[in-house]
Amino acid sequence: WGQDPNAQGASGLGQGIMVQHRLPMLPPSDEVDWAASVNGNAISTRVESNAILLDVIRDSLGILGTKRGCDMGTCGCCSILIDGSPRLSCLMLAQEADGCEITTVEGLSEGHHLHPIQETFTECGGSQCGFCTPGFLVVISALLEENPDPTDVEIKSAIEGNLCRCTGYQQIVDSVKEASGILCRGDTVENSTEPKSDPHPGFTG
């Protein structure tokens with residue numbers, strides 16, 4: 001706040017009035033070079049030195065599968081893999097991931113073949129509203145990469161940092177166990193673009 005000596009009051013007698021001046025909370029940040037492998041693609045760009053990785057992924061790179069939830073690291077919606085390990089992108093500076101291999105939910109599938117956990121989430125009801133799903137899929141994929149046959153306790157421990165308001169978690173645990181079975185049996189997930197059988201045979205409309 002400050003007084004403008006040139007401002008006139010209502011009476012026109014040159015009385016000063018109070019004027020509000022807004023000052024930035026933080027000084028402008030410098031831009032720096034940033035490079036990483038994102039879902040197998042080499043990315044080079046310029047980012048603000050204090051940019052949050054979640055913002056770079058969504059706003060700069062346009063990869064929208066990674067969700068913004070709490071911005072405090074408590075919900076797990078923004079989970080990604082950094083060099084194969086789950087991290088919360090809302091709590092990371094982009095510079096911390098410079099030169100790293102970043103995997104978002106978009107990078108879990110191989111072409112038209114879904115990751116087993118993506119397939120079983122659809123079959124077992126692991127996804128309902130879907131907002132938290134990308135974070136769960138990323139975290140669970142890392143668990144199955146390290147341990148293809150986890151126990152219920154290990155599954156629950158792996159996903160304890162991810163919140164879901166819809167499923168009650170049992171369907172998610174069931175999805176992980178089904179995906180584990182696919183991996184342990186060596187099964188392959190079908191091409192997701194292949195036409196499916198008619199769910200209503202004989203129905204002509």
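These legends go with several close-up views of a predicted model.

**View 1. The five-stranded sheet, laid out strand by strand.**
Start with the order of the strands: β4-β3-β7-β5-β6, five of them in an open sheet with mixed pairing. At the edges sit β4 (41-48) and β6 (85-88), and each of these pairs on one side only. Don't expect the strands to line up perfectly, as neighbours in this sheet are turned by 40 degrees against each other on average, ignoring direction. As you trace any strand, keep a handy rule in mind: in a regular strand, side chains alternate between the two faces of the sheet.

**View 2. Where β3 meets β7.**
Here we zoom in on strand β3 (residues 31-38) and its pairing with β7, which is parallel and runs over two bridges. Which residue of β7 stands opposite serine 37? Look for glutamate 101.

**View 3. The hairpin of β3 and β4.**
On this side of β3, the pairing is with β4: the two strands run antiparallel and are joined by eight bridges. Find valine 38 and you'll see asparagine 41 of β4 opposite. The hairpin leaves two residues between its strands, and asparagine 39 in the turn has a positive phi of about 55 degrees.

**View 4. The hairpin of β5 and β6.**
Another antiparallel pair comes up here, with four bridges joining β5 to β6. One bridge links isoleucine 82 to serine 85 in β6. This hairpin has two residues between the strands. Aspartate 83 is found in that loop between β5 and β6, and its phi is positive, near 50 degrees, even though the residue is not a glycine. That's worth a second look, as most residues other than glycine have a negative phi. Is aspartate 83 buried or exposed? Its relative accessibility is 52%, and the cut-off for exposed is over 50%, so aspartate 83 counts as exposed.

**View 5. Helix α1 resting on the sheet.**
Helix α1 (residues 53-60) packs on the sheet and touches β3, β4, β5 (79-82) and β7. The direction of α1 makes about 100 degrees with that of β5. Which residues of α1 are buried? They are Leu53, Leu54, Val56 and Ile57. To make sense of that spacing, remember that an α-helix has 3.6 residues a turn, so residues three or four places apart point the same way. The buried residues of α1 pack against β3, β4, β5 and β7. Just past the helix, glycine 62 takes a positive phi of about 70 degrees.

**View 6. Aspartate 71 in its loop.**
Follow the chain through the loop between α1 and β5 and you'll come to aspartate 71. Aspartate 71 isn't a glycine, yet its phi is positive, at about 60 degrees. With a relative accessibility of 39%, aspartate 71 counts as partly exposed.

**View 7. Threonine 103 and its contacts.**
Threonine 103 lies in strand β7. Why does threonine 103 count as buried? Its relative accessible area is 15%, and buried means under 20%, so threonine 103 makes the cut. Leaving out residues up to four places away in sequence, threonine 103 touches Asn39, Ile80, Leu81 and Leu108. You've already met Asn39, in the turn of the hairpin of β3 and β4.

**View 8. The largest pocket.**
Rolling a probe the size of a water molecule over the atoms shows where empty space is left. The largest pocket holds about 440 Å³ of space. It is lined by 20 residues, and the closest to its centre are Leu108, Glu110, His115, Pro116 and Glu145. Both β7 (101-103) and α3 (133-146) supply at least two residues of this lining, and α3 gives the largest share, with four. By class, the lining splits into eight nonpolar, eight polar and four charged residues.

**View 9. The second largest pocket and its cysteines.**
The second largest pocket has a volume of about 170 Å³. Its lining includes Cys75, Cys77, Cys129, Cys132, Cys164 and Cys166. Phe131, Leu163 and Arg165 also line this pocket. What mix of classes does the lining of the second largest pocket have? Eight residues are nonpolar, one is charged and no polar residue takes part.

Note on methods: Residues are numbered from 1 along each chain as its sequence is written. This is a predicted model: local features need pLDDT of at least 70, side-chain atom pairs count only at pLDDT 80 or more; totals for chains, interfaces and linings use all residues. Side-chain values use heavy atoms; hydrogens and water are left out. On a 1 Å grid over the protein atoms alone, a cavity is a set of points where a 1.4 Å probe fits but cannot get out, and a pocket is an open set with protein on both sides within 12 Å along at least five of seven lines; lining residues have an atom within 4 Å of a point. Grid points are joined across faces, edges and corners, and a volume is the space filled by probe spheres set on the points. Ala, Val, Leu, Ile, Met, Phe, Trp, Tyr, Cys and Pro count as nonpolar, Asp, Glu, Lys and Arg as charged, and the others, Gly among them, as polar. Two strands pair if DSSP finds at least two bridges between them. Axes are lines fitted to C-alpha atoms, for helices over the stretch in contact, and angles run from 0 to 180 degrees between N-to-C directions. Contact means heavy atoms within 4.5 Å. Buried means under 20% relative accessible area, exposed over 50%, partly exposed in between (1.4 Å probe, protein chains only).
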